[in-house]
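Biologist: I would like to go through this structure with you. Could you take my questions as they come?

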Number of protein chains: 2
Amino acid sequence: MLVNNNAASASRQCALGELGELSRARINLSEFKYRRGAEIYGEAEPADYIYQVANGAVRSYKLLSDGRRQIGAFHLGGDIFGLENGPAHRFTTEAITETTVRLMKRCSLEHVAEADVHVALDLLNMTTSNLEHAENHMLLLGRKTSLERVAAFLLEMDRRLSAANVMALPMCRRDIADYLGLTLETVSRALSHLHGMGILGFIGQTQRQIVLLDRHRLANVNL
Amino acid sequence: MLVNNNAASASRQCALGELGELSRARINLSEFKYRRGAEIYGEAEPADYIYQVANGAVRSYKLLSDGRRQIGAFHLGGDIFGLENGPAHRFTTEAITETTVRLMKRCSLEHVAEADVHVALDLLNMTTSNLEHAENHMLLLGRKTSLERVAAFLLEMDRRLSAANVMALPMCRRDIADYLGLTLETVSRALSHLHGMGILGFIGQTQRQIVLLDRHRLANVNL
DNA sequence: CGGTGGGTTGAGGTATTTCAAGGCTCGTGG
DNA sequence: CCACGAGCCTTGAAATACCTCAACCCACCG
């Protein structure tokens with residue numbers, strides 16, 4: 001009942017299991033609900049809890065003093081976030097849509113980690129997954145064209161939240177842009193372009209539901 | 001004698017200590033020397049060893065199929081690199097200059113980590129440091145101007161390798177460019193610009209020795 | 001109904017890239 | 001010893017990918 005593996009995230013399967021494992025270690029979890037746009041925690045705030053998305057979606061980002069924003073990751077159903085080693089959070093996180101999270105006190109986790117090697121190794125695995133994601137994202141941000149970035153984003157989301165071949169993006173164009181290091185107009189144009197190429201289709205009136213028609217061509221955009 | 005803390009890296013102090021700690025756990029280290037440009041390991045190769053820079057400098061990078069390169073990190077004296085959780089390396093690494101590294105078998109490390117919580121927590125700490133660096137670098141690559149990127153690079157290198165107020169960069173402009181997601185010409189122009197602003201000076205005939213004249217203005221470039 | 005929050009599209013501007021030329025240093029070989 | 005080429009760096013001019021600004025559309029909602 002505490003850990004309700006509701007499918008969704010194909011990536012981070014490990015993360016999914018681990019909060020389960022931690023909960024088995026008799027640490028109590030509580031749930032909390034955030035309305036869309038609500039801040040969960042701020043950058044540099046003390047990191048007292050770790051979180052798991054039960055339902056909804058979360059963005060975590062850094063800001064420059066003049067408002068430029070870089071989203072480091074989106075957290076979808078099942079994902080764990082807010083896990084820190086130091087004393088403070090390194091990102092600000094906000095609920096993208098109505099989101100419910102499970103949270104646990106961080107100190108209890110640390111005690112368990114110090115006592116149990118397996119928990120420590122689980123934390124290492126989770127951190128490594130995050131690192132790997134960040135490393136791939138550096139390549140995207142540093143060296144890929146706008147079309148390649150949007151294509152990579154679509155493939156990532158497809159992998160992580162596609163149900164029945166159609167993905168319902170929880171985030172707006174501006175979020176996508178700040179994730180990909182672009183402007184929202186450029187993202188929109190890239191999507192239109194891919195649409196025009198017959199690589200993807202939009203469903204319904206809203207432009208947030210996308211179906212990938214040709215994953216292979218999407219993966220090799222620009223070639 | 002095995003672990004010879006030769007100053008240098010102010011960052012990653014932890015990393016410095018930890019290979020020492022691991023060596024105390026009676027794992028034998030051997031040294032190896034690479035000439036400049038030599039590959040230490042390739043992306044996707046099996047990760048059988050972990051490495052520590054004894055002397056010199058190393059770049060680790062990813063390549064796109066058409067040759068675009070993104071350097072994820074520079075490893076300087078004392079830094080540990082090549083630490084993986086999965087079976088394979090995620091970057092290619094090359095010696096930037098004549099470099100000697102200490103290396104140890106990875107399997108022995110894993111046995112120790114499974115047995116000793118402290119070693120596992122040390123690995124977690126190192127991985128977290130790497131993650132934090134990558135997170136900051138995503139912000140740089142996604143949202144900073146060329147001048148801000150070069151300034152950030154100089155401050156990072158100043159922190160990590162400045163001796164007596166002058167830093168001798170081991171890497172060429174192209175390496176810097178591929179680290180910052182720019183072209184070598186843009187890096188060169190940014191450095192000239194900072195030079196013209198009186199923020200930094202060049203020493204000697206070579207353009208690799210740099211002295212920071214005004215760290216505060218460098219940190220607030222563009223403001 | 002009017003306002004707000006997305007989203008798209010066009011036109012023009014600009015930061016960075018691309019292309020090209022030239023200079024300096026250093027090692028090598030005649 | 002000098003000539004030569006390779007590697008590295010700088011600088012200028014032209015090209016371009018992406019950004020900025022602006023207009024417009026649509027859905028939703030009080």
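Modeller: The exchange below concerns a predicted model, and it takes up the chains, the DNA and some local features in turn.

Biologist: What does the secondary structure of chain A come to?

Modeller: Chain A has seven helices and 11 strands.

Biologist: And how many of its residues are buried, as a percentage?

Modeller: Of the 223 residues in chain A, 42% are buried. As for its contacts with a separation of 6 or more, 72% are between residues 24 or more positions apart.

Biologist: Let us turn to the two protein chains. How is chain A laid on chain B?

Modeller: A turn of 180 degrees with a shift of 0.0 Å along the axis lays chain A on chain B, and the RMSD is 0.0 Å. The two copies are therefore related as by a two-fold rotation axis. The same surface serves both copies, since 100% of the contact residues of chain A recur in chain B.

Biologist: How many residues of each chain are in contact?

Modeller: There are 28 residues of chain A in contact with 28 residues of chain B.

Biologist: Which elements of chain A supply that side?

Modeller: Strand E5 (69-75) and helix H3 (117-143) of chain A each supply at least two residues of the side that touches chain B. H3(A) gives the largest share, with 19 residues.

Biologist: How do those residues of chain A divide into nonpolar, polar and charged?

Modeller: On the side of chain A that touches chain B, 11 residues are nonpolar, 10 are polar and seven are charged.

Biologist: Now the DNA. Which residues come nearest to DNA strand D?

Modeller: There are 18 residues around DNA strand D, and those that come nearest are A:Thr186, B:Cys172, B:Arg173, B:Ser188 and B:Ser192. Two or more residues of the surface near this strand come from each of helix H6 (184-196) of chain A, helix H5 (173-180) of chain B and helix H6 (184-196) of chain B. The largest share, six residues, belongs to H6(B).

Biologist: And which come nearest to DNA strand C?

Modeller: Around DNA strand C there are 18 residues, of which A:Cys172, A:Arg173, A:Ser188, A:Ser192 and B:Thr186 come nearest. Helix H5 (173-180) and H6 of chain A, along with H6 of chain B, each give at least two residues to the surface near DNA strand C. Here H6(A) provides the largest share, six residues.

Biologist: What is the make-up of these two surfaces by class?

Modeller: The surface near DNA strand D has four nonpolar, eight polar and six charged residues. For DNA strand C, the surface divides into four nonpolar, eight polar and six charged residues.

Biologist: On to the sheets of chain B. What is the strand order in the open sheet of three strands?

Modeller: The order is E9-E11-E10 (chain B), and the pairing is antiparallel. Strands E9 (166-168) and E10 (200-202) of chain B stand at the edges with a single partner strand each, so one side of each is left without a neighbour in the sheet. From one strand to the next, the twist averages 30 degrees.

Biologist: How many bridges pair E9(B) with E11(B)?

Modeller: Three bridges pair E9(B) with strand E11 (residues 209-212) of chain B in the antiparallel sense. Within this pairing, B:Val166 stands opposite B:Val211.

Biologist: Staying with chain B, which strand forms a hairpin with E4(B)?

Modeller: E5(B) does, with five residues between the two strands. In the turn, B:Gly67 has a positive phi of about 100 degrees. Strand E4 (residues 58-63) and strand E5 (residues 69-75) of chain B run antiparallel and are joined by six bridges, with B:Leu63 opposite B:Arg69.

Biologist: What else does E4(B) join?

Modeller: Four bridges join E4(B) to strand E7 (residues 92-95) of chain B, also in antiparallel fashion. There, B:Val58 has B:Ala95 as its bridge partner.

Biologist: One last topic. What is the phi of A:Ala164?

Modeller: The phi of A:Ala164 is near 55 degrees, a positive value in a residue other than glycine. Most residues other than glycine have a negative phi.

Biologist: Where is A:Ala164, and is it buried or exposed?

Modeller: A:Ala164 is in the loop between helix H4 (146-161) and strand E9 (166-168) of chain A. With 6 other C-beta atoms within 10 Å, A:Ala164 is exposed.

Biologist: And what is the phi of B:Ala164?

Modeller: B:Ala164 has a phi near 55 degrees, which is positive. B:Ala164 lies in the loop between helix H4 (146-161) and E9 of chain B, and B:Ala164 is exposed.

How values were computed: Residues are numbered from 1 along each chain as its sequence is written. Chains are lettered from A and ligands numbered from 1 in the order in which they are written. This is a predicted model: local features need pLDDT of at least 70, side-chain atom pairs count only at pLDDT 80 or more; totals for chains, interfaces and linings use all residues. Two strands pair if DSSP finds at least two bridges between them. Axes are lines fitted to C-alpha atoms, for helices over the stretch in contact, and angles run from 0 to 180 degrees between N-to-C directions. Two residues are in contact if their C-beta atoms, placed from the backbone, lie within 7 Å. Ala, Val, Leu, Ile, Met, Phe, Trp, Tyr, Cys and Pro count as nonpolar, Asp, Glu, Lys and Arg as charged, and the others, Gly among them, as polar. A residue is near a molecule or strand if its C-beta atom, placed from the backbone, lies within 6 Å of it. Copies are superposed by least squares on the C-alpha atoms of residues with pLDDT of at least 70 in both. A residue is buried if 20 or more other C-beta atoms lie within 10 Å of its own, exposed if 12 or fewer, and partly exposed in between; C-beta atoms are placed from the backbone.
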